[in-house]
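Reader: I'm new to this structure and would like a close look at just one part of it. Could you pick a helix, tell me which way its hidden side faces, and walk me through what surrounds it?

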Amino acid sequence: AGYTTLALNGAKGGATKYLCLQYLNYARWTSQQFSCNLPRSLQIMTSLHLKSPSGRWTPLGFLKFWRPAVTLLNETVHWGIKVPLAMALYQELRPLGGHG
């Protein structure tokens, strides 16, 4: 019933979501680590990664914000399973609801 396609699309969606939200998550983790608000955590992240010890601007330092570890795999698998499972359950349980 096309569940393989759904799983692949779900996995791609999970990976895309992860890549987009990783920077925001890193800011949240920094806020928790330093017990500060979002603007302060962004300042900390900037001073840690976008400035060299001598104070020079290092624009490629933003790549250090991205720490994929296990989360990328987790999001990819999560969405790869969640989407087809939800569709399968909907297809099986739909007649019980009287809508089809």
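**A close look at helix α2**

Author: Let's start with the hidden side: in α2 the buried residues are S41, I44, M45 and H49. Looking down the axis of α2, you'd find these buried residues within an arc of 105°, so they line one face of the helix. That arc is taken from the directions that run from the helix axis to the C-beta atoms. "Buried" here stands for under 20% relative accessible area, "exposed" for over 50%, and "partly exposed" for what falls in between, with a 1.4 Å probe and protein chains only. An α-helix has 3.6 residues a turn, so residues three or four places apart point the same way.

Before going on, some ground rules. You're looking at a predicted model, where local features need pLDDT of at least 70, side-chain atom pairs count only at pLDDT 80 or more, and totals for chains, interfaces and linings use all residues. Numbering starts from 1 along each chain as its sequence is written, and side-chain values use heavy atoms, with hydrogens and water left out.

Now the helix itself. α2 covers residues 38–49, which is 12 residues, and spans 16 Å from first C-alpha to last, close to the 16 Å expected at 1.5 Å a residue. (The expected span is 1.5 Å times one less than the number of residues.) In the chain there are 3 helices and 0 strands, running α-α-α from the N terminus. Helices (H or I, at least four residues) and strands (E, at least two) are DSSP runs, numbered from the N terminus.

How does α2 begin? N37 caps its N-terminal end, with a side-chain oxygen 3.0 Å from the backbone nitrogen of R40. A little earlier, in the loop between α1 and α2, comes S35. S35 has a phi near 50°, a positive value in a residue other than glycine. Most residues other than glycine have a negative phi. S35 also counts as exposed, at 70% relative accessibility.

And what does the buried face of α2 meet? Its buried residues pack against α1 (3–34). Take A27, which lies in α1 and is buried, with a relative accessible area of 2%. Leaving out residues up to four places away in sequence, A27 touches L38, S41, L42 and M45, where contact means heavy atoms within 4.5 Å. A27 and L38 sit 11 residues apart in sequence, and their C-alpha atoms are 6.8 Å apart.

T30 also belongs to α1, and T30 is buried too, at 4% relative accessible area. Beyond its neighbours within four places in sequence, T30 is in contact with C36, S41, I44 and M45. So S41 and M45 turn up in the contacts of A27 and in those of T30.

M45 has another role: with Y26, A27, L50 and F65, M45 makes up the largest nonpolar core, which has 5 residues. Such a core is a set of buried Ala, Val, Leu, Ile, Met, Phe, Trp, Tyr and Cys residues joined through side-chain atoms within 4.5 Å. In soluble globular proteins, nonpolar side chains tend to be buried together. L50 touches M45 and F65, and its other contacts include R56, W57, T58 and P59, again not counting residues up to four places away.

Stepping back to the whole chain, buried residues make up 20% of its 100 residues.

Conventions: A polar contact is a pair of N or O atoms within 3.5 Å; within protein, one must be able to donate a hydrogen and the other to accept it, and residues adjacent in sequence count only if both atoms are side-chain atoms.
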